[in-house]
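Student: I should like to learn how to read the helical architecture of a model such as this one. Where should one begin?

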Amino acid sequence: MDPHRGDESPHTPAPTLWPVGFAVGIACIFVGLIVGPIVIAVGAVLTALFGLLWVRDVSAPYRAEPAEPEPVLEAPAIPAHRGGPAMPEPGEGELIRFPRSKFLEFSTLGLGGVIGGVVTLPVLGFTVLPPFIKQGHPEIDVGAIDDFPENKFVITTFLLKPEEGEVSRRTAYIRNNGLLEGAPSFTALSNRCVHLGCPVQINGLPLDDQKKTEKGVDLIPTAAAAGFGCPCHGGQYDSEGNRTAGPPVRALDRYEFRIKNGRLLLGKTYSVSGVDGTAADAKIHSYPLAGPGQHVDGIEAVLYPLQPPR
Amino acid sequence: MMLYPLDWLEERSGLVGAVKYFLFRKVPGDISWGHTLGSAALTAFIVQAVTGVILAFYYKPDPNSAYESIRHITDDLTLGWLVRGMHKWGASVFIILMFLHMGRVFLYGAYKYPRELNWIIGVLLLVLGMMEGFFGYLLPWDETSYWATVVGVNLQATGPFVGPFLGPVLQGGAEIGPDTLARFYSLHMLVLPGAIAGLIILHLYLVIRLGVNSPPWSPTAAGKVQPGPPPPPRAGLVEPRPRGARLR
């Protein structure tokens, strides 16, 4: 190998301090994610600078002038399809020819590839596609609109898909806001925390003795509620679902609803970045449903450009 | 005379010689007990596999019967509490031993040339072992399992760009449901143990091929101290003791 490196093994690079600076740069980037963008910029510069210096150091032996190559002592071997006994090289203007062995090789591999694809792709499709197809739920009848007292949250539990059993039990916090331009207005908040999906609890007093159960739907009215809180990591929301404290990245998701024959029906869930105003006058900034922890607005939303169909 | 079956096997397969080669291979004289951590992790994995197979005789992977089947194993079946407990605590033992083994390899510099590939395989084994624990955690289908899995899957779904699509694939749907339990059971029982076993075989092959090195602070390896004379050859599994000779 390189004679001036002495008896050092060619695979062990020389000691170098640049990785320390590189690591400090990476750590600065992570700290900057919490502290602020200027620290991210400093970290990125340090990482790039020390990374380049490190690569330059490590690659120095490979960029050195190559040693004199050994003189070739014998004629190189020729492949089987050239030379005297093989097929003749094409002349001027003739098509390129391949020996039969090459044709057989390519056609075997090609046919084998097609067969492999025909067998594998449907299996892969079965593994990956069913979770994305027919994922919605039917509308849920949660009770007569008279069961929801005005300006009080009612803890409503129901089965999202009754055929799946108890695992599909969900909870919504529903408040009757009175009338908005003559039509009943409701606020139907999903209890799934938008940090990581834990069940959000109401910061109020559930009146369990006034619980009503009808057709598998439980309705528990509450005394005055001061927002919601998540027991897992301490996220706090106000009574419109806006995030007021903790790690959640946006406001609580909401259910679409409609009134039919005096009964409240819950529809699809959608995501909310924030709510201006309260109750019937609320202006809801709505987005297609996103999973917990996924931003729907702001610069971090570029990380989640596409959502699967739900 | 009693070793005749082993001679029979050795003549027809060479397996006995292979086992002897593995058990009696040479290692440096100045290594420590820390070098047993890898085998300890392997033992923990074997315990998990065996207790897992036995639990699979009685566990029912259906949402309506999963919890009850585990209660049945723990409370009703003979020594079921022991096998279930071994599996549950063995999972933590496996992960801890892997971390300790990784630390020992790191501190001894045993990840350097020519063992880099072995280190990479070891990291993959660590990641797969943790995934195995994550998938197994849902199987009791109680509140802790369910919510821990909700949080775990949602954590994974916050990954940029592809996270929102990987979430439904893991869950078997837009939400955790009955399909999730079946999916996790298949991954926990079939896919991941197979992958881990395959990588362990590769890992062990490399360990045997590349050998064990002395610690970095070894004076023998640095040439400062001459190693002593090699020990006399040991009587192997199939070498019969010569009549009249004494054991060394």
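Tutor: Begin with the definition of the elements: helices, of at least four residues, and strands, of at least two, are DSSP runs numbered from the N terminus. The model is a predicted one. In chain B there are 9 helices and 0 strands, and the order from the N terminus on is α-α-α-α-α-α-α-α-α.

Student: Is chain B spread out or compact by the globule rule?

Tutor: The rule gives an expected radius of gyration from the number of residues. For the 248 residues of chain B it gives 18 Å, whereas the radius of gyration is 23 Å, well over that value, so the chain is more spread out than a compact globule. The C-alpha trace spans about 70 × 45 × 30 Å along its principal axes, and 23% of the residues of chain B count as buried.

Student: How do the axes of α5(B) and α6(B) cross?

Tutor: Angles over 145 degrees count as roughly antiparallel. Helix α5 (residues 80-107) and helix α6 (residues 116-137) of chain B have axes that come within 10 Å and cross at roughly 160°; the two helices are therefore roughly antiparallel to each other. Their crossing is left-handed.

Student: Which residues make the contact?

Tutor: Contributors from α5(B) include Phe94(B), Ile95(B) and Met98(B), and those from α6(B) include Trp119(B), Gly122(B), Leu125(B) and Gly129(B).

Student: What is the division into nonpolar, polar and charged residues there?

Tutor: Gly counts among the polar residues in this scheme. The contact of α5(B) with α6(B) has 10 nonpolar residues, 4 polar and no charged.

Technical notes: Residues are numbered from 1 along each chain as its sequence is written. Chains are lettered from A and ligands numbered from 1 in the order in which they are written. This is a predicted model: local features need pLDDT of at least 70, side-chain atom pairs count only at pLDDT 80 or more; totals for chains, interfaces and linings use all residues. The radius of gyration is taken over C-alpha atoms; the globule rule is 2.2 Å times the number of residues to the power 0.38. A residue is buried if 20 or more other C-beta atoms lie within 10 Å of its own, exposed if 12 or fewer, and partly exposed in between; C-beta atoms are placed from the backbone. Axes are lines fitted to C-alpha atoms, for helices over the stretch in contact, and angles run from 0 to 180 degrees between N-to-C directions. Angles under 35 degrees count as roughly parallel, over 145 as roughly antiparallel, 65 to 115 as roughly perpendicular and the rest as oblique. A crossing is left-handed if the near helix is turned anticlockwise from the far one by less than a right angle, and right-handed if clockwise. Two residues are in contact if their C-beta atoms, placed from the backbone, lie within 7 Å.
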